[in-house]
Amino acid sequence: LNEYSYDAAVAGLQYSVSFTTRGIALSFSGYNDKLPAFIETVAASLASHVPSSEEKLQRFKDTIVRDLSSFKTELPYKHASFFAAL
């Protein structure tokens, strides 16, 4: 995916992946006639990704669990933003 996304970045297409309390968020930017194919390729690659080791998978799980459990202690404006976006 790195080689593919580099070529796309040169052509003006970019993507980002972030973890939220509601799941994974994908963002795409740029204007090009190849954007639909770029989105499809990136999404398929992420959906079929398997962590290379059990340790790496455990780190991902721990990060997500910590983020979700800390949601209760977030500032009220962050809760308001979260629920306003639903």
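Biologist: Why does Phe-38 count as buried or exposed in this model?

Modeller: Phe-38 has 1% relative accessibility, and buried means under 20% relative accessible area, exposed over 50% and partly exposed in between (1.4 Å probe, protein chains only); Phe-38 therefore counts as buried. The model is predicted, so local features need pLDDT of at least 70, side-chain atom pairs count only at pLDDT 80 or more, and totals for chains, interfaces and linings use all residues. Residues are numbered from 1 along each chain as its sequence is written, and side-chain values use heavy atoms, with hydrogens and water left out.

Biologist: What makes Tyr-4 partly exposed?

Modeller: Its relative accessibility is 34%, which falls between the two cut-offs, so Tyr-4 counts as partly exposed.

Biologist: How do you know that Ser-5 is buried?

Modeller: Ser-5 has a relative accessible area of 15%, which is under 20%, so the residue is buried. Ser-5 is found in helix H1 (residues 2–10).

Biologist: Why is the pair of Tyr-4 and Phe-38 called stacked?

Modeller: The search of the whole structure finds 7 aromatic pairs. Rings of Phe, Tyr and Trp (its six-membered ring) pair if their centres lie within 6.5 Å, and planes under 30 degrees apart count as stacked, over 60 as edge-to-face and the rest as tilted. The centres of Tyr-4 and Phe-38 are 5.9 Å apart and their planes stand at 25 degrees, so this pair is stacked.

Biologist: What does the pair tie together?

Modeller: Tyr-4 lies in helix H1 and Phe-38 in helix H2 (residues 35–47), so the pair ties together parts that are 34 residues apart in sequence. Helices are DSSP runs (H or I, at least four residues), numbered from the N terminus.

Terms used. Helices (H or I, at least four residues) and strands (E, at least two) are DSSP runs, numbered from the N terminus.
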